[in-house]
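Thanks for sharing this one. Here are my notes, as numbered points you can follow with the structure open beside you.

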Amino acid sequence: MNDFIPPAKPIIGDEERAAVDAVLRSGMIAQGPQVKAFEEEFSAALVQGRECVAVNSGTAGLHLGLLAAGIGPGDEVIVPSFTFAATANSVALTGATPVFVDIEPDYFCLDPRAARAAITERTAAILPVHLYGHPYDAPAFESIAAEHGIKLFEDAAQAHGASLQGRSVGTFGQFAMFSLYPTKNMTSGEGGMVSATSEIAHNVRLLRNQGMERQYANELVGFNARMTDIHASIGRVQLTKVGGWTKKRQDNAAYLTRYLSEVDGVTPPPVAPGAVHVYHQYTIRVEQDRDRIVKALREEYNVGSGVYYPIPNHRLASLEKFAPGLDLPETERAAAQVISLPVHPSLSESDLERIVTAVAAVAKAGA
Ligand SMILES: *Cc1c(COP(=O)(O)O)cnc(C)c1O
C-alpha cells in the first residue's frame, strides 16, 4: 500500500533548530528580547500593525483577552458550539456564561442572525470563530455589536493571514487570539498571540505576568502565562514562512475543489465574496455515512482525515450545563457531515491525486 498521508504535518527545519540553539546558548531563555521581537514582527506581518502580546497558549490568550476586556460573572458571551472547546472554556473560566448559538451552513461560522436573536440584557460580547481559516462575517457582527453596545472579539486560532474585503483577521474585534499549537498554520511549539486595542493589550500584558509591568509593583491579580524566548525564536522563523505555506494550502485546496466538485454527494468548502481563506482545514460535507467514509479512506487508501468536531460543545459533559435542552440544527448537521481532508503544505501532486481518487471511489461505493 502507498505511504500514509497524514491529516496534518508541522514543518520544523534547520532554521528553527538553529534559532532555538542560539537562545539556549545566550543563557536567557524565559520571556525576553525574542518575545518582544516576535510580537512586533507578528503585528507587522499579520494584523496591519495592531498591538500584539504573546502568551503561552491560544487558550490563555482567549482567557486573558476576555478578562482584559472586563468580561466576568453575570455576563453572557455568545459563542458557536461548532468549534474547539477552548472557545467556550475560556468564557466559562472568567465566570461568565457561554451562550451557544448556531452556525450558518456555508462557511461553518457563527450565524449573525442567530446571534442577534440570542442577545439579552446580560449579553456583554460576541466571540465568533474564523473556523477552518475562513473569516467570519465581520460587517454583520460589527453592526450587531454597535447596535447593542456590546463587544466583538475573534477566535482566530485557525486563521493566520486570513482576511475579508482587504481587512486582516485579527483587526475586527477589540481583541483576537491566534494559536501557535503545532497543527495550526504556524507554530511556536505551544503558544498564542493576542492582537488588541492598546487598552486591552496593556491589560493582557499585566495579566500574563502576575499583574506587574514594573517588577514587584503588582497592579492586579494575574497569572504566569508568559511565552519563553525559546518558543518565540521558533515562532519568528515560522512567521517568515507562513505566507508561502498559506499559498501552498490555497493551491492544494484549489486542486481538491477542482476535482471534488464533480463528485456526487460531496460538497467542497465555498469561499465568501471578498474573503481570503487560509485553509487551516479543507472541510467537505458528505451527505451520508461520514464515519464509513473516514474509515475507508484510512483503511483502503491510507489517506488520513479528521472530523472537527464530532460532538458540538453544547453537548459535551463539561459544557452542557450552560445549554440545557438546546437544539442547534445546523451545528448538528455539520457535526454529522464534515470531513477535513489533508491540505497541508507538504502534500505532493501525487498525494493530491491519491486524495481525490480515494474520496471519489469511497463516496461512490456508498451511493
Ligand atoms: C487550537 C484552538 C484553540 C486553542 O488554542 P491552543 O493554542 O491549543 O490553546 C482555540 N480555539 C480554536 C478554534 C482552536 O482551533
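1. A word on terms before the sheet: two strands are said to pair if DSSP finds at least two bridges between them. Please also keep in mind that this is a predicted model.

2. With that in hand, look at strand E12 (residues 282–286), which pairs with E13 in the antiparallel sense over four bridges. Arginine 285 has valine 338 of E13 as its bridge partner, and tyrosine 282 stands opposite leucine 341 in E13.

3. What is the order of the strands in this open sheet? There are three strands, in the order E10-E12-E13, and the pairing is antiparallel. Strand E10 (266–267) and E13 are at the edges with a single partner strand each, so one side of each has no neighbour in the sheet. Helix H9 (residues 290–301) packs on the sheet and touches E12 and E13, its direction making about 20° with that of E13.

4. Stay with E13 (residues 338–341) a moment longer, since both of its faces are covered. In a regular strand, side chains alternate between the two faces of the sheet. Here Val338 and Ser340 lie on one side, Ile339 and Leu341 on the other, and all are buried.

5. Now for the ligand. Which of the 16 residues around the ligand come nearest? They are Thr59, Asp155, Gln158, Ser179 and Lys184. Three side chains have a polar atom by a ligand oxygen: for threonine 59 the distance is 2.6 Å, for glutamine 158 it is 2.8 Å, and for lysine 184 it is 3.0 Å. On its own the ligand has 380 Å² of accessible area, and the protein covers 93% of that.

6. Helix H7 (residues 198–207) has these buried residues: Ile200, Ala201, Asn203, Val204, Leu206 and Leu207. They pack against strands E1 (51–55), E8 (175–179) and E9 (192–196), and against helix H3 (58–68). As a reminder, an α-helix has 3.6 residues a turn, so residues three or four places apart point the same way.

7. Is threonine 123 buried or exposed? Its relative accessibility is 7%, so threonine 123 counts as buried; the cut-off for buried is under 20%. Threonine 123 lies in strand E4 (residues 123–126). A polar atom of its side chain is 2.8 Å from the backbone nitrogen of threonine 120. Leaving aside residues up to four places away in sequence, threonine 123 touches Glu76, Ile78, Ala118 and Ile150.

8. For contrast, try arginine 113 in helix H5 (residues 112–117). Arginine 113 counts as exposed because its relative accessibility is 71%, and the cut-off for exposed is over 50%. Its C-alpha atom is 23 Å from that of isoleucine 311, a residue 198 places away along the chain.

9. Finally, some backbone geometry to look at. Tyrosine 308 and tyrosine 309 are joined by a cis peptide bond, with omega about 15°; tyrosine 309 is in the loop between H9 and helix H10 (329–337). Two residues have a positive phi although neither is a glycine: glutamine 48, at about 55°, and phenylalanine 108, at about 65°. Glutamine 48 is in the loop between helix H2 (33–46) and E1, while phenylalanine 108 is in the loop between strand E3 (97–101) and H5. With 5% relative accessibility, phenylalanine 108 counts as buried.

Notes:
Residues are numbered from 1 along each chain as its sequence is written. This is a predicted model: local features need pLDDT of at least 70, side-chain atom pairs count only at pLDDT 80 or more; totals for chains, interfaces and linings use all residues. Side-chain values use heavy atoms; hydrogens and water are left out. Buried means under 20% relative accessible area, exposed over 50%, partly exposed in between (1.4 Å probe, protein chains only). Helices (H or I, at least four residues) and strands (E, at least two) are DSSP runs, numbered from the N terminus. Contact means heavy atoms within 4.5 Å. Axes are lines fitted to C-alpha atoms, for helices over the stretch in contact, and angles run from 0 to 180 degrees between N-to-C directions. A polar contact is a pair of N or O atoms within 3.5 Å; within protein, one must be able to donate a hydrogen and the other to accept it, and residues adjacent in sequence count only if both atoms are side-chain atoms. A residue is near a molecule or strand if one of its heavy atoms lies within 4 Å of it. Accessible areas come from the Shrake-Rupley method with a 1.4 Å probe; for residues, only the protein chains shown count as cover.
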